[in-house]
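Take a look at the model below. We will start with a pocket and then turn to the ligand.

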Amino acid sequence: MSVLVYVENTGGKFKKSTFEVVSYAAAVSKQLNTELIAISIGEVNPSDLSKLGNYGAKKVLNVSSDQLKSFVNQAYASIIAEATNKEDASVVILSNSFTGKGLSPRIAVKLSAGLADGAVELPKTDNNIFTIKRSAFSGKAFATIELTSAIKVIALNPNSFQINESNESAIVENFVPALKESDFRTMVSEIVRASDKIALPDAELVVSAGRGMKGPENWAMIEELAKLLGAATACSKPISDAGWRPHEEHVGQTGIAVSPNLYIAIGISGAIQHLAGVSSSKTIVVINKDSEAPFFKVADYGIVGDAFDVVPKLIEAVKAYKAHS
Ligand code: FAD
């Protein structure tokens, strides 16, 4: 028996969410008193693979082939399912990232497994039954679900689990899966990156703004604050609908769901559809001139004030802090 964790890479590099998910999977394998095996698909430097031992993986299965250089949903799901059977894994864990959201249900179907996607905590394990807390209704609520199947698939929400590091290294083993032609019916022909800015779904810090900014010409201060903090920029739906900002910045029920450590909402009212995509952020700071704005109800910190006064002051404060640290 073992626990298998899929370690996602972007352009051959692991992201923070990968180390989170390996740390989480290591904790699950400890609960079950079994070994943690990782599986990597694509071109990753072997030394980066062995470093996954730092986060608790004992062995890494390395799948590398020209056909798999870019993400192919069906093929990746088949490979992970095959590795699960080969390693006699009873739990498969992956990040609930954009890629993970596509993969996890496919893997679950292939393995006749129960799926807990959007998991936010470690499972409680009792007699082969897992009880897991997961986010539900686009982050508006939590659900506690039970997985009773023999094999269980868990997709962990990014920023939900602390990275645990040690000083171990993992054995790297090449794994050659039995690829089927039918797994390559849908292929990515080209990837065009929207920008070289921090990708919103992975961001630890997000500076977001809404209609209170009055117009696109006022976004320079939002971008400046984000750049100073090393944050991604986001916006409410009407802003991207109006073409003030690109659509990939739209967060909420119909946009991207984020769960950063810090979400700063500037001139956003906090409509339920917006909150649906941001309410699982660890710390929410709201800047709004209306003290009755609904966003304040979910804020950890609130500033009642005009964004055009507050944001420049915040920028100066961050600059001053950085100059002294
Ligand atoms: P407003 O509601 O106009 O709020 C602007 C805020 O700025 C106000 O609170 C105001 O007090 C404040 N303000 C004004 N001037 C200043 C100033 N100078 N300084 C500081 N504060 C100021 N919305 C989303 O964001 N994401 C979604 O995914 C989404 N999906 C939707 C799906 C459906 C089916 C529907 C019906 C709606 C959806 N919406 C979504 C729209 C949502 O209901 C709200 O209309 C939208 O979030 C409001 O955007 P806003 O807060 O930027 O603007």
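This is a predicted model. Begin with the second largest pocket, which has a volume of about 260 Å³. A total of 17 residues line this pocket. Closest to its centre are Ser236, Lys237, Pro238, Ala271 and His274.

Which helices help to build the lining? Helix H6 (237-241) and helix H7 (272-275) each supply at least two of its residues. Now sort the lining by class. It has 11 polar residues, 4 nonpolar and 2 charged.

What takes up this space? The ligand does: the space it takes is the second largest pocket.

Next, look at the shell around the ligand. It holds 26 residues. Ser236, Thr254, Ser269, Gln273 and Asn288 are the closest. H6 and H7 appear again, each with at least two residues in the shell. Helix H8 (307-323) also supplies at least two. By class, the shell has 14 polar, 6 nonpolar and 6 charged residues.

Now zoom in on single atoms. Where do oxygen atoms of the ligand meet the protein? At Arg211, a polar backbone atom is 2.8 Å from a ligand oxygen. At His250, the partner is a polar side-chain atom, 2.9 Å from an oxygen of the ligand. At Gly267, a backbone N or O atom lies 3.1 Å from a ligand oxygen.

How much of the ligand does the protein bury? Taken alone, the ligand exposes 990 Å². The protein buries 76% of that.

Conventions
Residues numbered from 1 in each chain as written. Predicted model: local features only at pLDDT ≥ 70, side-chain atom pairs only at ≥ 80, totals over all residues. Heavy atoms only, no water. 1 Å grid on protein atoms, 1.4 Å probe; cavity = no way out; pocket = protein on both sides within 12 Å on 5 of 7 lines; lining within 4 Å. Points joined across faces, edges and corners; volume = space filled by probe spheres on them. Helix = DSSP H or I, 4+ residues; strand = E, 2+ residues; numbered from the N terminus. Nonpolar A, V, L, I, M, F, W, Y, C, P; charged D, E, K, R; others polar. Near = heavy atom within 4 Å. Polar contact = N/O pair within 3.5 Å; in protein donor to acceptor, adjacent residues only side chain to side chain. Areas by Shrake-Rupley, 256 points an atom, 1.4 Å probe, with all protein chains shown as cover. Sits in = over half its atoms within 2 Å of the grid points.
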